[in-house]
Each structure stands twice: as structure tokens, then as C-alpha cells.
Amino acid sequence: MTSPDTRLAGWLAEHGEELIAVRRNMHAHPEVSGAEHATTELVRERLELAGMQPRVLAVGTGLVCELRPDDPIASNQPTMALRADLDALAMDDNKDLSYRSQVPGVAHACGHDVHTTVVLGTALYFAHHRDQLPGPAAFRVSTGRGTCSRRCARRHPRPWHRRR
């Protein structure tokens with residue numbers, strides 16, 4: 001029997017490039033808070049391809065997806081939850097990369113594209129390795145409604161903003 005670390009390393013070797021491509025797609029096509037329809041659809045499609053049943057949130061963006069372990073005893077344990085923001089910042093992407101933002105005035109400068117990819121990758125891994133779930137899991141990606149975006153904007157101020 002292989003160890004969980006070996007199984008994870010093997011899964012990442014097999015799926016890592018796909019996750020990088022998903023993250024770069026999100027980075028190139030950022031959406032501001034409340035308008036993350038394409039990003040929600042991208043994540044939903046990936047989860048459904050893995051046999052999961054994500055539910056889009058009532059606001060029309062973001063989703064939640066739950067997994068239960070195969071072990072009935074583990075199913076009665078507390079639920080582990082992972083969450084990531086989907087939204088991007090209203091600012092230009094000045095990086096010179098092939099996957100830089102294609103949306104003028106909108107960029108993933110706060111890392112939400114990475115966070116969403118980590119939650120997606122974790123959900124996809126456990127969808128194929130439910131025997132490693134210590135208990136039920138809930139995976140949620142949703143809009144930050146600007147709260148994190150304001151904190152991130154303070155860390156990455158525009159040139160005309162002054163720190164106080």
C-alpha cells in the first residue's frame with residue numbers, strides 16, 4: 001500500500017500542469033467582485049468532470065461542493081471546510097507574461113486565482129482519494145464582496161494612493 005504522501009505526489013505529477021493551466025486561465029480572465037460568472041463556470045465544470053456535484057450559490061457566482069468519506073465512522077467527524085475568494089482587483093495588470101490579464105483595468109494582483117486553484121485542486125484530489133478524508137469536507141469558492149480586495153489594494157497601492 002502506498003503512503004498518502006506518495007499518492008499525493010503522484011497525483012500532483014499527473015495533474016499539476018492542468019492546475020497551472022487553470023490558474024493561468026483565471027489570471028488572464030479576471031472578474032471583479034460579483035461578476036465572477038466565467039470563473040464560477042470553470043470551477044464548476046472541473047468539479048463535475050471529477051464526479052462531484054457543486055452547487056452554484058444563490059447570488060449566481062461562487063459555489064460550494066461537499067464530499068463525504070467512504071468510511072462511515074469518518075463521515076460522522078466534524079466537517080473540514082476550505083474557502084477561497086474568486087474576485088480580482090480593479091487595476092491594470094502590468095506584468096509581461098503570456099497569461100497576463102486580458103481584461104483592461106482588472107487583474108488578479110491579490111492571489112485569489114491561486115487560492116481558488118488550491119481549493120479546486122484539493123477538492124479534485126479528495127474526489128479521487130476519499131479514503132484519505134478524515135471527515136466530511138466542504139469546498140467553497142465565492143466572491144470576496146470587496147473586503148479582501150480593499151486589504152489587498154492597501155498592500156498593492158496604485159501610484160497615486162498614499163499610505164498613512
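A residue counts as exposed when its relative accessible area is over 50%, and as buried when that area is under 20%. Keep those two cut-offs in mind as you move through this predicted model.

**Stop one: Ala81**

Select Ala81, which lies in strand β3, residues 80-85. Is Ala81 buried or exposed? Its relative accessibility is 59%, so Ala81 counts as exposed. Now add Glu66 to your selection. Ala81 and Glu66 are 15 residues apart in sequence, and their C-alpha atoms are 9.0 Å apart in space.

**Stop two: Trp11 and Tyr125**

Next, look for aromatic rings. How many aromatic pairs does a search of the whole structure find? There are 2 aromatic pairs. To see one of them, select Trp11 and Tyr125: their rings meet edge-to-face, with 5.6 Å from centre to centre and 80 degrees between the planes. Colour the helices and you will see that this pair links distant parts of the chain. Trp11 sits in helix α1 (residues 4-28) and Tyr125 in helix α4 (residues 112-128), 114 residues apart.

Try showing the surface here. Trp11 has 8% relative accessibility, so it counts as buried. Tyr125, at 5%, counts as buried because its value is under 20%.

**Stop three: Phe126**

Keep Tyr125 selected and add Phe126. These two form an edge-to-face aromatic pair, with 5.4 Å between ring centres and 70 degrees between the planes. Phe126 is buried, with a relative accessible area of 15%. Show Trp11 again alongside them: Trp11, Tyr125 and Phe126 form one aromatic cluster.

**Stop four: where α1 meets α4**

Now hide the side chains and look at the two helices themselves. How do α1 and α4 cross? Their axes come within 9 Å and cross at roughly 140 degrees. The two helices are therefore oblique to each other. Turn the view until one helix lies over the other, and you can follow the right-handed crossing in which α1 passes α4.

Bring the side chains back to see which residues make the contact. On the α1 side they include Pro4, Leu8, Trp11, Leu19, Val22 and Met26. On the α4 side, look for residues including Val114, Thr117, Leu120, Gly121, Leu124 and Tyr125. Trp11 and Tyr125, which you met as an aromatic pair, are among the residues of this contact.

To finish, colour the contact by residue class. Which classes appear where α1 touches α4? You should find 10 nonpolar, 5 polar and 3 charged residues.

Conventions:
Residues numbered from 1 in each chain as written. Heavy atoms only, no water. Phe/Tyr/Trp six-rings, centres within 6.5 Å; stacked < 30°, edge-to-face > 60°. Helix = DSSP H or I, 4+ residues; strand = E, 2+ residues; numbered from the N terminus. Buried < 20%, exposed > 50% of the residue type's maximum accessible area, 1.4 Å probe, protein only. Axes fitted to C-alpha atoms, helices over the stretch in contact; angles between N-to-C directions. Parallel < 35°, antiparallel > 145°, perpendicular 65-115°, else oblique. Left-handed = near helix turned anticlockwise from the far one by under 90°. Contact = heavy atoms within 4.5 Å. Nonpolar A, V, L, I, M, F, W, Y, C, P; charged D, E, K, R; others polar.
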